[in-house]
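Subject: A structure to look at, with notes

Dear colleague,

I am passing on a structure for you to look through, and below it you will find notes on what turned up. Please keep the sequence and the 3D view open while you read.

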Amino acid sequence: TSIIVFYLFQSFFLLTPKTNLVLFAFIFSVSDYLFRLGIGKILKTKEWQTKTFFIGNSERIFKIYNYLKENPQMGFSLSDSKKDIPNQNDEELLKELKNKGIDLVVIDEEILESKKDVFLGILYELSDQSISITNSSDFYEIIFQKVPLRELKDDWFVEHIGDSRKFYEAGKEVMDFILGTILSFLLLPLSFIIALLIKGTSRGPIIYEQKRMGKNNRPFTLYKFRSMKNNMEGNLWTDKNDGRLTKLGKILRFTHLDEIPQLINILKGNISFLGPRPERVELALKYSSLPYYKMRHIVKPGLTGWAQINFKPSASLEEAYEKLCYDIYYIKNRSYWLDFLIVLKTLKYFFTSQSK
């Protein structure tokens, strides 16, 4: 919209670049807000919503149902649910789905496994009714953009995580090297200024080195500009009001400029620009008690990742588990398109204060 306005009224916008930038940002913001507002209202109308029917009684079904009930803007209207499927063909269920105009049926995997024959009969009957059917795990991922890790089984990982995606990984490594080299040269003057400020405002080394857990559980040394007072010990987790941070360190953390030296790690091949955030070795050992935690180490860690842009920094085992659900989602669905979405969301939250 902003580009169209500037094109149609180009004679009016013969202003300074800064003024044009401000106007462009204003028009884009207003257009984006109005677009989101309009889409939200459209998705709340019954005509545009997907009428959804749930079959199952698991915690996963319960969570999805309540979330969609509280968020009608997601575009799903909820019909009645059924806890189970009888052992014989359920003609009443088929009749109910048809009469209520159901568009989508979400069914628990446990029911699919235990009553395959009955379900196949229902599926055959619905094949000509334009009613879609999906399992609750896949639907959970679509809604929450993370995996229901607690309810997954070992064979799920064999089916969804086992592929190597060599072409994608090779292309990603090439882009990491090219972009890392360019940014290293462009940010060299800024890095020099930051180094002088650190040296002039506090005692200690300019670069802080820390052992992190990398791909295949191999530790490596991560580099950051030092943002804490020298030789400070304490909690493994930090927050924005941590007393160990220097005044300059708070600014570096807030703007994420403390992470510039990690370009060295990218060029060395320790990390990628995108991937699960590498944890401190001590924390990785602590988190190893979480189910399937080692699976996050089958890919190269990243400077930013899906979990970082969707969940706050973890400060407990419970929060680490929640972030792991997002990390496994990324590993399962990793692609250039998902990486592109991560870049966009990272740019959006770039100047928000987040501890790492």
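A residue is called buried when its relative accessible area is under 20%, exposed when that area is over 50%, and partly exposed in between. By that rule Y67, at 29% relative accessibility, counts as partly exposed, whereas F144, with a relative accessible area of 13%, is buried. Please bear in mind throughout that this is a predicted model.

To begin with the whole chain, there are 16 helices and eight strands, and of the 356 residues 43% count as buried. The chain exposes about 21000 Å², and carbon and sulfur atoms supply 61% of that area. If you take the contacts with a separation of 6 or more, 74% of them are between residues 24 or more positions apart.

Next come the nonpolar cores. In soluble globular proteins, nonpolar side chains tend to be buried together. Here the largest nonpolar core has 43 residues, and those with the most contacts inside it are L149, W306, I328 and Y330. Helix 15, which covers residues 317–333, supplies the largest share of this core, with nine residues. A second, separate core is made up of 11 residues, including I61, L68, F139 and F144. As for Y330, which residues is it in contact with, once its neighbours within four places in sequence are left aside? They are Y168, K172, L274, G275, P276, W306, L338, D339 and I342.

The two residues from the start of these notes, Y67 and F144, also form an aromatic pair, which is tilted, with 4.9 Å centre to centre and 55° between the planes. Because Y67 lies in helix 3 (residues 59–70) and F144 in helix 7 (residues 136–144), the pair ties together parts that are 77 residues apart in sequence. F144 has a further partner in K63, which lies over the face of its ring at 5.3 Å from the ring centre. The count of aromatic pairs comes to 11, and ring pairs also link F54, Y65, F76 and F139 into a cluster.

Strand 3 (residues 104–107) deserves a careful look. In a regular strand the side chains alternate between the two faces of the sheet. Both faces of strand 3 are covered, since L104 and V106 on one side and V105 and I107 on the other are all buried. Strand 3 is joined by four bridges to strand 1 (residues 50–55), and these two run parallel; four bridges also join strand 3 to strand 4 (residues 132–135), again in parallel. You can follow both pairings through I107, which is the bridge partner of I55 and stands opposite N135 in strand 4.

Finally, here are two smaller places to visit. In helix 11 (residues 247–255), L248, G249, L252, R253 and T255 are buried, and the buried residues of this helix pack against helix 10 (188–201) and strand 6 (219–225). Helix 11 is followed by H256, whose phi is positive, near 65°. The other place is K98, found in helix 4 (residues 91–99): is K98 buried or partly exposed? Its relative accessible area is 37%, so K98 is partly exposed. K98 and S130 are 32 residues apart in sequence, yet 9.8 Å apart in space from C-alpha to C-alpha.

With best wishes

Methods: Residues are numbered from 1 along each chain as its sequence is written. This is a predicted model: local features need pLDDT of at least 70, side-chain atom pairs count only at pLDDT 80 or more; totals for chains, interfaces and linings use all residues. Side-chain values use heavy atoms; hydrogens and water are left out. A nonpolar core is a set of buried Ala, Val, Leu, Ile, Met, Phe, Trp, Tyr and Cys residues joined through side-chain atoms within 4.5 Å. Buried means under 20% relative accessible area, exposed over 50%, partly exposed in between (1.4 Å probe, protein chains only). Contact means heavy atoms within 4.5 Å. Rings of Phe, Tyr and Trp (its six-membered ring) pair if their centres lie within 6.5 Å; planes under 30 degrees apart count as stacked, over 60 as edge-to-face and the rest as tilted. A charge sits over a ring if NZ of Lys or CZ of Arg is within 6 Å of the ring centre and within 35 degrees of the ring normal. Accessible areas come from the Shrake-Rupley method with a 1.4 Å probe; for residues, only the protein chains shown count as cover. Two strands pair if DSSP finds at least two bridges between them.
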